[in-house]
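Colleague: Before I use these labels, I want to hear the reasoning behind them. Can we go through them one by one?

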Amino acid sequence: TLARHGYLGTAPVFPTIAISFQVLEAYRQMHRVCPRLSIQAQVRALCYLHAVPYDRSLVDQFSIAFDVYLDILHATDTIVKAALRRDTENWRMLNACAPCLYKLKDERTLKYSLLTTMDGNQSLKLVDNMFRSGVTRVDSRTGRSDIWLSPADVDRFKDEVLRSDQTDDNADTDDADVDMVDSEEPPNEPVSICVERWRNTGPEARKKMFALFAVTGIFVCLCRHGHLLILCDMIRSGELMKYPLAIASKLMDVYGKDVIVGYDIACAFSKTLARSSLGTRAKDKNISGVVPAFHGHSHNRGCQVHWHPMYMTGVGKEDFEGCERCFSESNALASGTRLASTFHRHQAIEQHFAFWDQQKHAESGKFIYNNYKQALAIINQDTKVLNTLSNELNTGPADYEQYLEEERAYLQGLKVEPPEAELAKVDYQNLDFYIIQRGYTKKAIAKIRTLYRTTYTRYLAIDEEVRRIEEELSIPERWLPGSTDYETMVSELSQRKYRRALDNLERLIVQRLFELTKLGMSGIGYKLREKIGKALKTRAEAIKKALAEYNRRAAELVPARPELNWTEVVEMVSLGEFDILRDARQDIRVLPWAQRMNRQAMNTYFNIRRAYEEIDRLNIEISRLFTFMIDEHTDLYRAISNCIIINPALARELSSRWVYQNRIHEKIVHQLHRTTLLPGFSGTLIRGRRLGRQSTDLLDIPLPLWACYSNGVTYLDDEVHNTGEAEDDIQEHGVAGVDSERDAGNLVDFVDNLGSTVPEQ
């Protein structure tokens, strides 16, 4: 048959065109590294190679063959999973990431068992069939993977926000303590700035999408190493709250307690979660939230001191920006999926994330090495800085903790526009305008006398309006220049103008930061880069004017606020410190926590604390990852042994995967070994025992060659020894199954040849 000769026909009976498995696999792998490569482009290239005129029907033929090929691969994966006993419910989610989820016996307990991040992306849209030309063929096929949350699971939460709004007025203040659910944010902390700056915090009724799109994007959840945990389609809408609620529900169902979720509007979403039907369960399971580090630039300071990773205990140096890195890759799929069928869109996304997870696993050793190196560098460098600052300022850890609490307490009581200021604004603007400017100065009285006929009626109307305002506000005596009330309200209005100038300056600077970042992203078209470049030029002039306006308003205050220069403004945006300047009613510059040197010391202190937490988590992840790779080797060895006689074809497939996995794992262990050689390394590179796994599963099973790296020791000659570490510090330990270089070579030969001779059928 064609299949035995390595070809796949494009029709079930009497095919006229056949495509080799090698070509199909080559396209699958090329599409893996270049998602923009379409089937049409591949077919055109094949036509040129075979000197055949291009025909549109060949694209359909190739697409049919590729679908069948992926079906074959999926069936093979199903058989392999069954042989490895990995076909149970939620097995993929429970084993998506070895460093995060492969928990070992007697390991140290972390505050948060799992660090995740979630976000929506609107690149992978799907155009509705009614807007396409021609007749759309019915395709009832569905996705093959369990990475999807079904629309029915998502729609369970479609009315949660409405229910939350209805109960908001009657809710106790204690409800806000279930703030996803462990944050210390005060229940009445205003998040108006966050709501204004993030579209997905707005009312649900505004989160609409053009009728052109049946699916408007995807909403994903990843672990901190980038592995996909779960995702769902956003259907005919923007980023509604039902999507993160459905994701949070799934995380609680599968992972249980002590999960923290990074979300760009975690501050607002926490209240929705607390007042939803998931609120009680989220509180019981200690589900917490955090705002990703970069997104924190657009949150007010009152939000940052409660939600930014810098000030959250237990998150280490994780930035929770994994979704943005993921979307930078998945966006390339958009050109090939927007006009595809629902099935082919899902198929492309599933293939992308299958490759994405393989890539993240292969890079896990590098991830751990880089993070460990970064954490050690922070500890070494920032500790010296902190010691110097502490000596100069005569402060210590207790002071820095107190500074943060004092700042939180201060910002809790700081309102963007206090009620009394709002009333004063009405008082001053109306009374000053009507009484002073139009009615009761000598000049105005003279005009009234000379222009009696034309102005007297208007004067009476104005006077009546002023009297009505005085009655409404219970003002017994009119405010005139020089009176205490008049001068107080003039001061309040000056402070309001100052705060508005400050808000405008902060907004322009934040926009500039986001545009600069986007300008550097790959995959952005020339026209978009040109538009962003022009916007930045315009924004630079606007920032200069806004800065000048701020300095002018600051000088009018009593006492005057100091002028700001460009460098100070950029630093304040990075630290989210504009809210400290917003309160013009009291001078906080004399408070210890508001002084710049003290704030620098405080941030340095918390940065060091997060670095130590990162090392604690990495030490656990190293053991988990190394144990997983040993167990993976064991599982494949046993599966091959069990079926090498009764099903040699399956044994051959397993052995080929075993060889490839060993190559990947050798690279990972190499990075883990480099980590053990870092000065200051405090962990161990040894195999543990997974919870629920038998301790005797390694009996009579030869270990792979890379297992010699265990405990930071290797018998191999590689470039790792060029790190400068003294060889006398390395203690050699024997490894079961590998007693010499010859044994190691025999093991490699055994793996390469296992199942290679399959009897003829």
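Modeller: What follows takes each label and sets the value against its cut-off. Keep in mind that this is a predicted model.

Colleague: Start broad. What makes up the protein, in helices and strands?

Modeller: The protein has 27 helices and eight strands. Of its 761 residues, 48% are buried. About 38,800 Å² is exposed, and carbon and sulfur atoms supply 52% of that area.

Colleague: What share of the contacts is between residues 24 or more positions apart?

Modeller: Among contacts with a separation of 6 or more, 78% join residues 24 or more positions apart.

Colleague: How do you know that the length of helix 16 agrees with its number of residues?

Modeller: Helix 16 covers residues 364-393, which is 30 residues. At 1.5 Å a residue, the expected span is 44 Å. The end C-alpha atoms are 41 Å apart, so the two values agree.

Colleague: Where is the kink in helix 16 centred?

Modeller: On D382, with a bend of about 25°. After the helix comes N394, with a positive phi near 60°.

Colleague: Why is A377 called partly exposed?

Modeller: A377 belongs to helix 16. Its relative accessible area is 27%. Buried means under 20% and exposed means over 50%. The value for A377 falls in between, so partly exposed is the label. There is a long-range pairing here too: the C-alpha atoms of A377 and G680 are 9.8 Å apart, with their positions 303 residues apart along the chain.

Colleague: Now helix 9. How do you know that it is largely enclosed?

Modeller: Twelve of its 14 residues are buried, so the rest of the structure largely encloses helix 9. Among the buried ones are K242, Y243, P244, L251, M252 and Y255.

Colleague: What does the span of helix 9 say?

Modeller: Helix 9 runs over residues 242-255. Its 14 residues should span 20 Å at 1.5 Å a residue. The end C-alpha atoms are 20 Å apart, so expectation and model agree. Just after the helix, G256 has a positive phi of about 80°.

Colleague: Why is M241 called buried?

Modeller: M241 sits in the loop between strand 6 (228-235) and helix 9. Its relative accessible area is 4%. That is under the 20% cut-off, so M241 is buried. The C-alpha atoms of M241 and D159 are separated by 9.4 Å, though the two are 82 residues apart along the chain.

Colleague: What makes the phi of A51 worth a remark?

Modeller: Phi of A51 is positive, near 55°, and the residue is not glycine. A51 is in the loop between helix 2 (39-49) and helix 3 (56-83). F320 also has a positive phi, near 60°, and F320 is not glycine either. F320 is in the loop between helix 12 (301-307) and helix 13 (322-330).

Colleague: Are those two buried or exposed, and why?

Modeller: A51 has a relative accessible area of 69%. That is over 50%, so A51 is exposed. F320 has 2%. That is under 20%, so F320 is buried.

Colleague: Why is R693 called buried?

Modeller: The relative accessible area of R693 is 18%. The cut-off is under 20%, so R693 counts as buried. R693 lies in the loop between helix 26 (648-676) and helix 27 (741-753). Beyond neighbours within four places in sequence, R693 contacts Y102, D631, T634, D635 and R687.

Colleague: What does the side chain of H31 reach?

Modeller: The backbone oxygen of P35, at 3.1 Å. A polar contact needs N or O atoms within 3.5 Å, so this distance passes the cut-off. H31 itself lies in helix 1 (residues 21-33). Setting aside neighbours within four places in sequence, H31 contacts L37 and L333.

Colleague: Last, the cysteines. How many disulfides are there?

Modeller: Zero.

Colleague: Why do C34 and C47 get their labels?

Modeller: C34 has a relative accessible area of 37%. That lies between 20% and 50%, so C34 is partly exposed. C47 is at 7%, under 20%, so C47 counts as buried.

Key
Residues numbered from 1 in each chain as written. Predicted model: local features only at pLDDT ≥ 70, side-chain atom pairs only at ≥ 80, totals over all residues. Heavy atoms only, no water. Helix = DSSP H or I, 4+ residues; strand = E, 2+ residues; numbered from the N terminus. Expected span 1.5 Å × (residues − 1). Bend = angle between axes of the 7 residues up to and from the residue. Polar contact = N/O pair within 3.5 Å; in protein donor to acceptor, adjacent residues only side chain to side chain. Contact = heavy atoms within 4.5 Å. Disulfide = S-S within 2.5 Å. Buried < 20%, exposed > 50% of the residue type's maximum accessible area, 1.4 Å probe, protein only. Areas by Shrake-Rupley, 256 points an atom, 1.4 Å probe, with all protein chains shown as cover.
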